[in-house]
Amino acid sequence: MIRLHYMTPCYLCLLLLAPGLVAASSETPPQPAWKVLEFEEKAFWATAKSRVEVTPPDEKNEHLQFSASSSVVGNSEQVVLNVDPSNGQAHTRSRLSRGKDQRLKTFDYQADHIVRERRNPVADPDTPPEQWPVASRREIAYPPGAGDHVVTDAYVLLLLADRLQAGQEDSAKVIIHTDLNFYEVNMTRGNGIPVDVDYQVTGGEKVSGKRDTRAVALQISPLGELAEKPDFSLLGLHGEIILFFDRDSGLPLQVRGTAPRIGPMEINLKAVTLAEPPA
């Protein structure tokens, strides 16, 4: 059963214990210790599931690829991202949404704007979404201030927060683009709290018990005037979000935030597939 927690100020106080700011390393950041993360939580009438998979660059794709899927109460979403492996900057993104309405949106992140296309389904249910006709196409300008920072999707925060908690810097800033909106996300790392875990390692053991953590707090604010109603979320959560990472393994064990129509809640890791060790 899901456990609900109100986000009291004491969680943010934990972050004041973080070490001081240190200059960033010039080395390419390491890839995460995980390849696939799976989250599943139940709250009242709803079961929410999320799965995030990372594929490292290879001879066919120079980018780091995120494949993410989520579902809740008859609605589902599939997202595919290609990002710069060094900093998480988005290059391309597609989002297939299914539910009462279906649509495929693609985003091409160019130097001075984003090209957004929307495709709507046709009568033949066997037609692949990428063959649906284009219903609209528009160019989205980056807001003032975005040019000096990485612009990417919310799922990439799992990677960037992972790097922050494992590194020596105190904080980092990134711009998250949703559909038409942009958000400034300030990430701050520090000491976490003991977290109860219960997850399965694919091909390995089941891990349960209490684990010591590091924390990364996300402070989200609109960048400029929003073009449409607020729509930022990470794994279905919004508001003040905190990620807790295992101090030993570095795995993201828990995400806390606010869920629509439920209120403050926590989402816990249920399964993980570990990344292949570097050659």
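## Helix α2

In this predicted model, helix α2 is mostly covered, with 9 of its 10 residues buried. The buried positions in α2 are Leu157, Leu158, Leu159, Leu160, Ala161, Asp162, Arg163, Leu164 and Gln165. Two of these, Leu157 and Asp162, are described below.

Leu157 is found in helix α2 and has a relative accessible area of 0%, so Leu157 falls in the buried class. Not counting residues up to four places away in sequence, Leu157 touches Asp162, Val174, Ile176, Val185, Met187, Leu218, Phe232 and Leu234. The C-alpha atom of Leu157 is separated by 8.6 Å from that of Gly88, and these two residues are 69 residues apart along the chain.

## Asp162, a buried charge

Asp162 also has its place in helix α2, which spans residues 157–166. Asp162 is buried yet has no salt bridge. The nearest side chain of opposite charge is Arg163, at 6.5 Å; the cut-off for a salt bridge is 4 Å between a side-chain nitrogen and a carboxyl oxygen, so a separation of 6.5 Å does not qualify.

What does the side chain of Asp162 join in a polar contact? The partner is the side chain of Trp34, at 3.3 Å. Trp34 also appears among the residues in contact with Asp162, together with Pro32, Leu157, Phe245 and Gly250, when neighbours within four places in sequence are left aside.

## Strands β16 and β17

Gln254 lies in strand β16, residues 252–259, and Glu266 has its place in strand β17, residues 263–274. Gln254 has a relative accessibility of 2% and therefore counts as buried. Glu266 is buried as well, because its relative accessible area is 1%.

The side chains of Gln254 and Asn268 are joined by a polar contact of 2.8 Å. Leaving aside neighbours within four places in sequence, the contacts of Gln254 are Val195, Ile242, Leu243, Phe244, Glu266, Ile267 and Asn268. Glu266 is thus one of the residues in contact with Gln254. For Glu266, the C-alpha atom is separated by 4.3 Å from that of Arg256, with the two residues 10 residues apart along the chain.

## Salt bridges

The count of salt bridges comes to 14. Among them, Arg116 pairs with Asp179, the closest N and O atoms being 2.6 Å apart. This pair links distant parts of the chain: Arg116 is in strand β7 (residues 113–119), while Asp179 is in the loop between β10 (171–177) and β11 (182–191), 63 residues apart. Are Arg116 and Asp179 buried or exposed? Both are buried.

The side chains of Glu184 and Lys173 meet in another salt bridge, at 3.7 Å from N to O. Glu184 lies in strand β11 and Lys173 in strand β10, so this salt bridge ties together parts that are 11 residues apart in sequence. Lys173 has a relative accessible area of 35% and is therefore partly exposed. A further salt bridge joins the side chains of Arg51 and Glu53, at 3.1 Å from N to O. Arg51 is partly exposed, with a relative accessible area of 34%. Arg51 and Glu53 are also linked with Lys35 in a network of salt bridges.

## Aromatic rings and a charge over a ring

The count of aromatic pairs comes to 2. Such a pair is described by the distance of the centres and the angle of the planes.

A charged side chain also sits over an aromatic ring: Arg93 lies over the face of Phe107, at 4.1 Å from the ring centre.

## Backbone at Leu235

Most residues other than glycine have a negative phi. Leu235 is not a glycine, yet has a positive phi of about 55°. Leu235 lies in the loop between β14 (213–222) and β15 (238–246). With a relative accessible area of 10%, Leu235 is buried.

## The chain as a whole

The protein chain contains 2 helices and 17 strands. Of its 279 residues, 43% are buried. Among contacts in the protein chain with a separation of 6 or more, 54% are accounted for by residues 24 or more positions apart.

Conventions. Residues are numbered from 1 along each chain as its sequence is written. This is a predicted model: local features need pLDDT of at least 70, side-chain atom pairs count only at pLDDT 80 or more; totals for chains, interfaces and linings use all residues. Side-chain values use heavy atoms; hydrogens and water are left out. Rings of Phe, Tyr and Trp (its six-membered ring) pair if their centres lie within 6.5 Å; planes under 30 degrees apart count as stacked, over 60 as edge-to-face and the rest as tilted. A charge sits over a ring if NZ of Lys or CZ of Arg is within 6 Å of the ring centre and within 35 degrees of the ring normal. Helices (H or I, at least four residues) and strands (E, at least two) are DSSP runs, numbered from the N terminus. Buried means under 20% relative accessible area, exposed over 50%, partly exposed in between (1.4 Å probe, protein chains only). Lys and Arg count as positive and Asp and Glu as negative; His and the chain ends are not counted. A polar contact is a pair of N or O atoms within 3.5 Å; within protein, one must be able to donate a hydrogen and the other to accept it, and residues adjacent in sequence count only if both atoms are side-chain atoms. Contact means heavy atoms within 4.5 Å.
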